[in-house]
Amino acid sequence: MKYSLHRAPRLRQTAQSQSIDSARAEEAADADFNAKMQLSFLESAIQDWKAQRATDNDKTEKTFSDAAETDAAPKSSWRTPLSKIKPSTLAKSALALAVALILGWAPAVRLLATTSAEAVVNARVITLRAPIEGDVTMAATATDIGSTFRNNEEILTIRNRRADYSHLDSLRRERDQLGTAISALEAKKQLLEQNLVELSEQQENFRVGRITQLDQRIREIDADLAATEAQHDMALQTLTRASALRKTDAVSQAYLDKALQDERVTKNTIQSLTERRKGSMVELEAARKFIFIGDSYNDTPQSAQRKMEVALELADVRARLEGSKAELAVLMTRIDAETRRNEELSTASIRSTVNGRVWEILTAPGEHVNAGQDLMRLLDCGSAMVTASVSETTYQKLRIGQNATFQPRGGGKELHGRIVGLNGLAAVSSNSAIQQSMLAREPYHVTLNFPGLTEGAECQIGRSGLVKFDTSSPGALASTD
């Protein structure tokens with residue numbers, strides 16, 4: 001479409017002259033080119049465009065009418081009768097059609113199937129960190145990237161030669177001091193027990209001797225009592241004879257008084273000996289009951305008092321000994337706990353928590369590491385999965401729980417599994433060996449679980465392949481409904 005614009009004098013002068021005089025003339029023209037003149041220029045340009053468009057429409061309608069007249073005119077047929085075609089031509093055409101179908105069938109099926117753009121075998125990575133500070137030692141000198149480990153197998157050992165043993169040493173000193181005190185108490189206990197036995201024997205000997213003494217004293221009293229009774233009988237006879245003779249004045253009054261006095265003395269002596277015998281019998285019965293009565297001591301002799309003192313001291317020693325032994329048992333428990341704690345702080349054995357192989361080594365034998373420092377990363381072959389990237393159209397057809405197949409590239413057994421994660425556009429960061437962001441061919445990401453990946457002992461991490469999704473199978477939500 002062509003149309004001409006009638007430019008204002010200001011525009012023509014600007015296009016034709018470059019001299020200083022033309023510039024001055026242009027400045028003067030600009031002063032006269034107001035808003036009204038600009039509006040007039042735009043209206044003239046629009047009218048020219050409408051006129052040009054009407055002319056183009058007339059030419060198009062004329063072209064269509066000429067073409068209709070040409071089609072209405074009779075024309076010769078281009079088709080060739082089938083009977084005039086050669087058999088060889090038909091055979092070649094059929095062969096070409098068959099080859100086209102064979103070659104185009106597989107790409108067509110693959111194009112129409114719901115597949116991934118790229119897929120790779122993936123697995124979790126477990127990071128081993130140093131629990132303590134110390135020097136690293138490899139359990140196996142041949143440990144390197146790719147080395148395989150079984151569950152609970154020792155991989156590294158960390159030894160801290162600067163571990164703090166001050167608290168353990170203090171507990172051991174307390175144990176030694178307590179052991180010495182217990183030994184002293186044991187010796188004192190034995191001495192007191194021996195002394196107590198001797199005092200018990202001494203007390204018993206004293207009791208037996210005291211009983212024998214009292215028995216002898218009672219027999220002595222009995223003998224004195226018998227003699228006194230005989231004297232009393234004689235004194236009584238003398239008194240009776242003196243009384244009879246005094247009546248005949250055969251004896252004097254003094255002789256009678258002397259006979260009366262002798263009778264009374266012997267009678268009182270018998271009474272005194274009887275009371276003494278009763279007192280001795282009281283002492284004897286008390287001695288037999290381990291009660292000793294005397295004028296110069298109380299109810300307990302010196303040996304018995306000493307025995308009681310030793311018994312009290314022995315009871316105190318036994319109580320202190322039992323307390324010390326209980327304290328020693330508690331102290332030994334604390335020492336065992338502190339010993340284990342020091343062993344954990346001084347030596348740590350790093351063991352594999354899974355069946356897998358070394359993915360990355362972050363330290364070296366003899367290196368000094370700090371607590372919490374990363375030492376090694378292990379590949380968990382038992383958690384193998386497939387991470388795939390798909391297009392948006394494919395992603396909209398997928399559901400968690402749908403079936404899928406994985407065909408490794410380069411041949412191999414086709415594996416069957418299901419969808420376990422739909423991450424969409426979010427490339428979720430995880431502890432996987434291969435991050436989802438590495439699959440950049442398509443923006444949508446899917447995680448699949450294939451049990452066949454963990455059957456063999458070999459880790460297939462990093463092997464690529466093709467995932468085919470069975471969108472006709474029900475997902476997790478559909479089965480729940």
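**Figure 1. Surroundings of F206 in helix α5.** Leaving out residues up to four places away in sequence, F206 touches F292 and P301. In this predicted model, F206 is found in helix α5, which spans residues 166-247. The C-alpha atoms of F206 and F290 are separated by 9.9 Å, although these two residues are 84 apart along the chain. F206 is described as partly exposed because its relative accessible area is 30%, a value that falls between the 20% limit for buried residues and the 50% limit for exposed ones.

**Figure 2. The protein chain as a whole, as a setting for the close-up views.** The protein chain holds nine helices and 14 strands, and buried residues make up 28% of its 481 residues. Among the contacts between residues at least 6 apart in sequence, 80% join residues that are at least 24 apart. The accessible surface of the chain comes to about 31,700 Å², and 53% of that surface belongs to carbon and sulfur atoms.

**Figure 3. An open sheet of four strands.** The strands of this sheet follow the order β6-β5-β3-β8, with antiparallel pairing. At its edges are β6 (347-351) and β8 (368-369), each of which pairs on one side only. Strands of a sheet pair through backbone hydrogen bonds, and they may do so in a parallel or an antiparallel way. Here, β5 (residues 154-159) pairs with β6 in the antiparallel sense over five bridges, and L156 has I350 in β6 as its bridge partner.

**Figure 4. Helix α7 lying across β5 and β6.** Helix α7 covers residues 302-346 and runs at about 65 degrees to β6. With its 45 residues, α7 reaches 64 Å from its first C-alpha to its last, which is close to the 66 Å expected at 1.5 Å a residue. The buried residues of α7 include V310, L314, V317, L321, L331 and I335, and the buried residues of this helix pack against β5, α5 and β6. An α-helix has 3.6 residues a turn, so residues three or four places apart point the same way.

**Figure 5. The largest nonpolar core and a second, separate one.** The largest nonpolar core has 29 residues, of which V386, L448, V467 and F469 touch the most other members. The elements giving two or more residues to this core are β1 (118-122), β10 (385-390), β11 (403-408), β12, β13 and β14 (464-469). Leaving aside neighbours within four places in sequence, V386 is in contact with several residues, including V121, F406, L448, L453 and V467. A second core, separate from this one, has 16 residues, among them V136, F149, I155 and V358.

**Figure 6. S432, a buried residue in a loop.** The loop that holds S432 lies between β12 (415-424) and β13 (444-449). S432 counts as buried because its relative accessible area is 11%, which is under the 20% limit. Apart from neighbours within four places in sequence, S432 is in contact with N122, A123, R124, V125 and M385.

**Figure 7. Two loop residues with positive phi, N152 and D249.** Most residues other than glycine have a negative phi. N152, in the loop between β4 (148-149) and β5, has a positive phi near 70 degrees. D249, in the loop between α5 and α6 (253-288), has a positive phi near 60 degrees. D249 is also exposed, because its relative accessible area is 58%, which is over the 50% limit.

Definitions and conventions. Residues are numbered from 1 along each chain as its sequence is written. This is a predicted model: local features need pLDDT of at least 70, side-chain atom pairs count only at pLDDT 80 or more; totals for chains, interfaces and linings use all residues. Side-chain values use heavy atoms; hydrogens and water are left out. Buried means under 20% relative accessible area, exposed over 50%, partly exposed in between (1.4 Å probe, protein chains only). Contact means heavy atoms within 4.5 Å. Two strands pair if DSSP finds at least two bridges between them. Axes are lines fitted to C-alpha atoms, for helices over the stretch in contact, and angles run from 0 to 180 degrees between N-to-C directions. The expected span of a helix is 1.5 Å times one less than its number of residues. A nonpolar core is a set of buried Ala, Val, Leu, Ile, Met, Phe, Trp, Tyr and Cys residues joined through side-chain atoms within 4.5 Å. Accessible areas come from the Shrake-Rupley method with a 1.4 Å probe; for residues, only the protein chains shown count as cover.
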